[in-house]
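Trainee: I would like to go through this model one piece at a time. Please give the reasoning before each answer.

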Amino acid sequence: MTRVCWRCDARTDDDRRVRCDCGEPLWLDTDPDAVPDSYPTCVESMWDVLPLLGVDAPAPGSGLPAAAGGTPLVRAESLDTDGVTVHVKPEGLNPTGSFKDRGTAFGIAAALERGERRIGTVSHGNMAESVAAGAAAAGMDCTVLVPADIADERLAAIGRYDPRLVRVDGDYGRLYYEALEVGQEAGVRFLNSDAPWRVAGQATTALELLAQLEDAPDAVVLPVSSGGHASGTWQAVRTLTAAGLLDAPPKLCFVQAAACAPIAEAFARGDDTVTAVEGGETIAYSIANADPPSGNRALAAARATDGAVVAVDDDAIERAGRRFASAGLAVEPASATTLAALEPLRDAGVLDQGDTAALVATGRGFGDGGAEVATDRVTLSGVGSLFE
Ligand SMILES: *Cc1c(COP(=O)(O)O)cnc(C)c1O
Ligand SMILES: [Zn+2]
């Protein structure tokens, strides 16, 4: 599985290399000639669409890796906005509740094929849960590096899979690079946010939704933080276009929370490199990477497809979360950003009346919607009077 740099085209067969000498992240080389000439008719898991990526895919194995993906694409009329037709891909249906299971599945399957038994990740959110769960299913040794001040409910969610949990004091952004180096030396496979195997697995979100729609949507809208999922989405679209399965690639539209929006700010400035920001608090806790390791690649993906990168504030995210809920869909705030983005995307002329957009609802999250909830309270004898 050759790895190639999206920017300078440098290649390597070293499957431990994650970044190019130029500093940019590597991804797996794809072969459009190896892509089947039609979409699969049945999508039960990510493994049904993975052949469309034209990479040497590992065997799925069993447990979490085998079960990842295969989420439906839901037509959600009540979420149509400003004349834009909305489809939703509810990634919360994955085994641990987010699309991260796709990247974990590919990474674990590929590591097992090489006889590797030790994996790790740097995360205190969905990725940590996903990697810990995948390792548990595969009987692998797993180390999760979390920030020292991690919240207790996060620890509990990750800890139930019994990984080795390590609190790390210091700059958490720097830890991404530190872990790659240490893992390299110690023979521990770090499945970080934009590791090439993770990106290939996460390309299946887009492969699936394109297989599930009769006509490709005008836009795919997804939240972006490290840029790993955005990269996989671009990799999918590029490969299908090169293979002749896609005539007009959808516009790739990425959304950030206004409080921490380094990629959206670079897009607005017209820059082609992303500059790290301070990063403030946002309810969209899963997309708050202030120094995204695949930020430049995500930016390039939006530009190359005539898409955009926009930022939405917490009020708009909260409103969008309630709209998702009113359609019966439980999504975490990071995913609600996709619906909130439709208005700014329409204003910017990226989306038009009559367009179709596929919103990737990336995760179901920890269940903390963030909003105050009103309740009534009665005694047992008062229950009878509730509906008078
Ligand atoms: C990780 C995550 C994202 C962001 O994905 P990146 O690959 O880091 O850009 C978005 N939504 C949810 C729910 C996530 O867990
Ligand atoms: Zn390079």
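Trainee: Which residue in β8 does Leu-145 stand opposite?

Mentor: Keep in mind that this is a predicted model. Strand β7 covers residues 141-147 and is joined to β8 by five bridges, the two running parallel. Leu-145 falls in that stretch of β7, and the residue opposite in β8 is Val-166.

Trainee: In what order do the four strands of that open sheet lie?

Mentor: The pairing in this sheet is parallel. β8 (164-168) and β9 (189-190) each have a single partner strand, so they stand at the edges, and one side of each is left without a neighbour in the sheet. The order is therefore β8-β7-β6-β9.

Trainee: Which strands stand at the edges of the three-stranded open sheet?

Mentor: The pairing there is antiparallel, and the order is β2-β1-β3. An edge strand has a single partner, so one side of it has no neighbour in the sheet. The strands that fit are β2 and β3 (26-28).

Trainee: Which residue in β2 stands opposite Val-4?

Mentor: β1 and β2 pair in the antiparallel sense over two bridges. Val-4 belongs to β1, which spans 3-5. Opposite Val-4 in β2 stands Arg-11.

Trainee: Why is the pair of Trp-6 and Trp-234 put in its class, and what is that class?

Mentor: A pair of aromatic rings is described by the distance of the centres and the angle of the planes. Here the centres are 6.1 Å apart, within the 6.5 Å cut-off for a pair. The planes are at 65°, and since over 60 degrees counts as edge-to-face, the class is edge-to-face.

Trainee: How many residues apart are Trp-6 and Trp-234?

Mentor: Trp-6 sits in the loop between β1 and β2 (11-12), whereas Trp-234 is in helix α8, residues 228-242. The pair thus links distant parts of the chain. The separation is 228 residues.

Trainee: How does α9 lie relative to α10: roughly parallel, roughly perpendicular or oblique?

Mentor: Helix α9 has residues 262-269 and helix α10 has residues 295-304, with their axes 10 Å apart. They pack at an angle of about 50°. Roughly parallel needs an angle under 35 degrees and roughly perpendicular needs 65 to 115, so α9 is oblique to α10.

Trainee: How many residues of the contact of α9 with α10 are nonpolar?

Mentor: From α9 come Ile-263, Ala-266 and Phe-267, and they meet Gly-295, Ala-298, Leu-299, Ala-302 and Arg-303 in α10. One residue of the contact is charged and one is polar. The nonpolar residues number six.

Note on methods
Residues numbered from 1 in each chain as written. Chains lettered and ligands numbered in written order. Predicted model: local features only at pLDDT ≥ 70, side-chain atom pairs only at ≥ 80, totals over all residues. Heavy atoms only, no water. Axes fitted to C-alpha atoms, helices over the stretch in contact; angles between N-to-C directions. Parallel < 35°, antiparallel > 145°, perpendicular 65-115°, else oblique. Contact = heavy atoms within 4.5 Å. Nonpolar A, V, L, I, M, F, W, Y, C, P; charged D, E, K, R; others polar. Pairing = 2+ DSSP bridges. Phe/Tyr/Trp six-rings, centres within 6.5 Å; stacked < 30°, edge-to-face > 60°.
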